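Visitor: I would like a close look at a single part of this protein. Please pick one residue, describe its surroundings, and then work outwards.

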Amino acid sequence: QGDLSSDVCSSDLTTQVEVRFVADGIGTRIELAHSGWEQDAKTRDARKSYDGGWETILGHYQKRFGSAA
């Protein structure tokens, strides 16, 4: 994972996250789209720090709730 240094990660970077919960057999599939990275060079650079981030975060949810049914 990338380094979230202060010159890349700041409050003036705005992206959009869309989360959908979709019925899938007896479970639920989570679909996530994280967009808005194309707005400028600073935002595109910040994108590199997010590689693998969602996989890690959603993996925690899967461990906690994956076998709850």
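Guide: Take tryptophan 37, which counts as buried because its relative accessible area is 12%, under the 20% cut-off. The model is a predicted one. Tryptophan 37 lies in the loop that runs between strand 2 and helix 1 (41–48). Setting aside residues up to four places away in sequence, tryptophan 37 touches Thr15, Thr43, Arg44, Ala46, Arg47 and Tyr50. The C-alpha atom of tryptophan 37 is separated by 8.8 Å from that of glutamine 16, and these two residues are 21 apart along the chain.

The side chain of tryptophan 37 also reaches the backbone oxygen of histidine 34, at 3.3 Å. Histidine 34 belongs to strand 2, which spans residues 27–35. The side chain of histidine 34 has a polar contact of its own, at 2.7 Å, with the side chain of threonine 15. Threonine 15 is also among the residues that tryptophan 37 touches. If neighbours within four places in sequence are left aside, the contacts of histidine 34 are Thr15, Gln16, Val17, Tyr50 and Trp54. Tyr50 is thus listed for histidine 34 and for tryptophan 37.

Tyr50 leads on to the surface. Together with Val17, Val19, Phe21, Ile30, Trp54, Ile57, Tyr61 and Phe65, Tyr50 forms a nonpolar surface patch with about 870 Å² of accessible area in total. Two elements, strand 1 (16–24) and helix 2 (53–65), give two or more residues each to this patch. Helix 2 contributes the most, with four residues. Val17 and Trp54, two members of the patch, are also in contact with histidine 34.

Another member of the patch is isoleucine 30, which is placed in strand 2. Isoleucine 30 counts as partly exposed because its relative accessibility is 43%, a value between the cut-offs of 20% and 50%.

For the protein as a whole, the secondary structure consists of two helices and two strands, in the order β-β-α-α from the N terminus. Of its 69 residues, 10% count as buried, and tryptophan 37 is one of the buried residues. The accessible surface comes to about 5500 Å², with 52% of that belonging to carbon and sulfur atoms. Among contacts between residues at least 6 apart in sequence, 35% join residues at least 24 apart.

Terms used. Residues are numbered from 1 along each chain as its sequence is written. This is a predicted model: local features need pLDDT of at least 70, side-chain atom pairs count only at pLDDT 80 or more; totals for chains, interfaces and linings use all residues. Side-chain values use heavy atoms; hydrogens and water are left out. A polar contact is a pair of N or O atoms within 3.5 Å; within protein, one must be able to donate a hydrogen and the other to accept it, and residues adjacent in sequence count only if both atoms are side-chain atoms. Contact means heavy atoms within 4.5 Å. Buried means under 20% relative accessible area, exposed over 50%, partly exposed in between (1.4 Å probe, protein chains only). Accessible areas come from the Shrake-Rupley method with a 1.4 Å probe; for residues, only the protein chains shown count as cover. Patches are made of residues with over 30% relative accessible area and no salt bridge: like charges are joined within 9 Å, nonpolar side chains (Val, Leu, Ile, Met, Phe, Trp, Tyr) within 5 Å. A salt bridge is a side-chain nitrogen of Lys or Arg within 4 Å of a carboxyl oxygen of Asp or Glu.
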